[in-house]
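I opened my notebook to record what I looked up in this structure. My entries are short, one topic at a time.

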Amino acid sequence: YFRPSEVTNLMVKQLTAPAPQAGLAYQHWVANLAPMEDVLAGRCSVTKTGQVDACVIIGDRSRSWLLTALELWLRGKDPHEQVFPSLTLYDFEKFWHQLLRKLHLPASFITPHVLRHSAASNDYFHRRRRLGEIQKRGQWKAVQSVVRYTKEAHVLRSWHMIDAAQHATIRENAKRLPNTLLQKLRAKAH
């Protein structure tokens with residue numbers, strides 16, 4: 001749901017860790033994309049839609065492994081450093097183009113910005129979130145901006161653009177990703 005520049009500019013101090021002891025509702029990381037104190041001090045600007053203290057929940061019950069991954073990634077980092085210190089928008093986009101080439105997909109198949117919109121479409125398609133939740137999470141001001149992501153045909157068309165032989169590989173890699181990432185982060189932490 002993040003805009004690509006929000007990912008590359010995100011500071012550690014903009015993330016708030018879960019507080020599971022407080023109850024079920026507090027079991028997520030939250031990103032504050034335009035903290036009021038930083039906006040007032042001129043250290044960052046308001047969001048694209050003019051919001052201050054725009055908070056976005058990271059992860060959900062179906063992706064609980066993200067909680068651990070983020071905690072491991074941030075361990076030992078200074079609150080004033082970037083979450084991804086050497087990642088520029090150019091590098092982020094370059095990474096995606098290399099990944100698409102490796103997967104034998106056209107460069108136009110998905111970009112970091114399209115990934116933001118795909119998350120909204122995917123959540124709606126799989127009934128993980130209602131339209132209002134998607135709108136808040138994606139920071140879209142107008143509901144009309146969100147309605148376009150409710151078109152189920154877009155999700156299905158994207159799946160059909162992928163060679164049928166790759167479908168099983170994609171599903172298998174999606175299942176392996178959490179454990180692989182957590183293993184690498186745990187090894188790095190030690």
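**Entry: helix 5 and helix 8**

I began with how helix 5 and helix 8 lie against each other in this predicted model. I looked up their axes, which come within 9 Å and cross at roughly 110°. Angles of 65 to 115 degrees count as roughly perpendicular. Helix 5 and helix 8 are therefore roughly perpendicular to each other. Helix 8 covers residues 152-161.

Next I asked which residues meet there. From helix 5 I noted S121, N122, Y124 and F125. From helix 8 I noted E152, V155 and L156. I sorted this contact by class: four residues are nonpolar, two are polar and one is charged.

**Entry: helix 5 and helix 6**

I stayed with helix 5, residues 112-125, and turned to helix 6, residues 131-138. Their axes come within 10 Å and cross at roughly 160°. That angle makes helix 5 roughly antiparallel to helix 6, because angles over 145 degrees count that way. I wrote down the hand of this crossing as well: right-handed.

Which residues make the contact? On the helix 5 side I found R116, A120, D123 and Y124. On the helix 6 side I found I134, R137 and G138. The classes here are three nonpolar, one polar and three charged. Y124 caught my eye, since I had listed Y124 in the contact with helix 8 too.

**Entry: the strands**

I moved on to the strands. Strand 1 is residues 15-16 and strand 2 is residues 29-32. The two run antiparallel and are joined by two bridges. In this pair, T16 stands opposite V30.

How many bridges join strand 2 to strand 3? I found four, and these strands also run antiparallel. Strand 3 is residues 55-58. V30 stands opposite I57 there, and W29 stands opposite I58.

I then followed the side chains along strand 3, which alternate. V56 and I58 point to one face and are buried. C55 and I57 point to the other face and are not buried.

**Entry: D60**

After strand 3 I checked D60, in the loop between strand 3 and helix 3. Is D60 buried or exposed? Its relative accessibility is 11%, so D60 counts as buried. I looked for contacts, leaving aside neighbours within four places in sequence. D60 is in contact with H28, R128 and R129. I also looked up W29, which is 31 residues from D60 along the chain. Their C-alpha atoms are separated by 9.5 Å.

**Entry: two positive phi values**

I wanted some background first. Most residues other than glycine have a negative phi.

D53 has a phi near 55°, which is positive. I placed D53 in the loop between helix 2 and strand 3. With 36% relative accessibility, D53 counts as partly exposed.

Q139 has a positive phi as well, near 60°. I placed Q139 in the loop between helix 6 and helix 7. Q139 is buried, with a relative accessible area of 2%.

**Entry: H167**

Last, I looked up H167, which lies in helix 9, residues 164-189. The relative accessible area of H167 is 13%, so H167 is buried. What does H167 touch, not counting residues up to four places away in sequence? I noted W159 and I162.

Key: Residues numbered from 1 in each chain as written. Predicted model: local features only at pLDDT ≥ 70, side-chain atom pairs only at ≥ 80, totals over all residues. Heavy atoms only, no water. Pairing = 2+ DSSP bridges. Axes fitted to C-alpha atoms, helices over the stretch in contact; angles between N-to-C directions. Parallel < 35°, antiparallel > 145°, perpendicular 65-115°, else oblique. Left-handed = near helix turned anticlockwise from the far one by under 90°. Contact = heavy atoms within 4.5 Å. Nonpolar A, V, L, I, M, F, W, Y, C, P; charged D, E, K, R; others polar. Buried < 20%, exposed > 50% of the residue type's maximum accessible area, 1.4 Å probe, protein only.
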